[in-house]
Amino acid sequence: MTGAGTIEQVLSIAALEKRYGNTRVLAQLDLTVQRGAIHGLVGLNGSGKTTTLECVLGMQTFQAGELTVLGRAPSRLWQGRGDVVGIFDAPSLHPTLTVRQVLEHARLICGQPVRSPAEVETLLGISRYSNYKIKQLSLGNRRRASIAQALIGQPEFIVLDEPFNGLDAGGVDDVLALIRQLNLQHGTTFLLSSHQLAYLENICTDFAILHQGHIALNGSVDTLFRDQHTQLNVRCDQSAKACALLTAMSGISSVTSAGPDEDALLTLTLDNIDAATINSALVHAGIAVAGLELQKPSLAQLFHNIVETH
Ligand SMILES: Nc1ncnc2c1ncn2[C@@H]1O[C@H](COP(=O)(O)OP(=O)(O)OP(=O)(O)O)[C@@H](O)[C@H]1O
């Protein structure tokens, strides 16, 4: 439930075009991000992810198209006083200030601070670095300090460019947990770009694939994966008998076989049947099953399909 006047489309981009000099980086780019989404933006190196995020935050001008964030043009984001926050790959905090000074400064300019510097230091696990200068921190802790700065207020929309770069495994888990927590407890909407597809799969509700200057695929996890088939690899004996049996079963759209009849690898495309049912049918027919491996559709697969076919 959202209050009167709440804008459901946190971000709306239509036919965005961005050129650097004569080089066109974005063309006819459309993207909407719904309130409450954790929207992942993926693309090859140089596909324009950072440029897109910079346009969203008013850090880059663009040549054509419509772009609004919480109903405002990017040049007017300052009017929200902290309801939209961008955190970039290279954290740009002042190198000679301490972590605490950076956070005190963020508190001063935040429209409605909801957390103290000490609270956000604890939230991000950087309390013991409170008196360290930014330049004395590791990249991972500088990233934590950047995120901490954004959490002094209660942003409605957080844009993150490569949030996992430079973080160790514990740091990645912390950032994933923080994104989830802010999203669940406060309804914070996220747009995040990353090459770490497995991390994105872990948290995102929606994905957009940026390729050749436009969004080649976009949608919720449910819709994107609904039409993707699950593949099941089965290692068994009597492959001819197994193929005949499986081909006649409903819920399997294709069966291919490789290897000798007594030790074959069958590859099945599943429409509407689970691996246990297939195992049980084979065993009942007297076919020895040595292994079953389910390959669910992944973001990496979707991404490779787009990049290879466009
Ligand atoms: N200030 C700039 N001036 C000229 N060209 C630029 C500028 N910034 C980016 N580009 C070019 O625009 C294209 C898109 O760059 P961008 O950094 O947005 O891609 P990206 O998808 O974020 O890449 P990566 O995944 O490598 O970070 C690249 O070809 C890049 O060289």
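In the predicted model, the buried residues of helix α1 are Lys 49, Thr 51, Thr 52, Leu 53, Glu 54, Cys 55 and Val 56. Seven of the eight residues of α1 are thus buried, so the helix is largely enclosed by the rest of the structure. After α1 comes Gly 58, which has a positive phi, near 75°.

Helix α1, spanning residues 49-56, also contributes to the ligand environment, supplying three residues, the largest share of the surrounding shell. The ligand is surrounded by Tyr 20, Val 25, Gly 43, Asn 45, Gly 46, Ser 47, Gly 48, Lys 49, Thr 50 and Thr 51. By character, the shell divides into seven polar residues, two nonpolar residues and one charged residue. Lys 49 and Thr 51 belong to this shell and are also listed among the buried residues of α1.

Packing between helices was examined for α2 and α4. Helix α2 (residues 99-109) packs with helix α4 (residues 139-150) at an angle of about 25°, and their axes are 9 Å apart. Because angles under 35 degrees count as roughly parallel, α2 and α4 are therefore roughly parallel to each other. The crossing in which α2 passes α4 is right-handed.

The largest nonpolar core comprises 59 residues, of which Leu 11, Ala 145 and Ala 148 touch the most other members. A second core, separate from this one, consists of eleven residues, including Leu 232, Val 234, Val 255 and Leu 282. Ala 145 and Ala 148 of the largest core fall within the residue range of α4, 139-150.

Notes: Residues numbered from 1 in each chain as written. Predicted model: local features only at pLDDT ≥ 70, side-chain atom pairs only at ≥ 80, totals over all residues. Core = buried A, V, L, I, M, F, W, Y, C linked by C-beta atoms within 7 Å. Buried ≥ 20, exposed ≤ 12 C-beta atoms within 10 Å, placed from the backbone. Near = placed C-beta within 6 Å. Helix = DSSP H or I, 4+ residues; strand = E, 2+ residues; numbered from the N terminus. Nonpolar A, V, L, I, M, F, W, Y, C, P; charged D, E, K, R; others polar. Axes fitted to C-alpha atoms, helices over the stretch in contact; angles between N-to-C directions. Parallel < 35°, antiparallel > 145°, perpendicular 65-115°, else oblique. Left-handed = near helix turned anticlockwise from the far one by under 90°.
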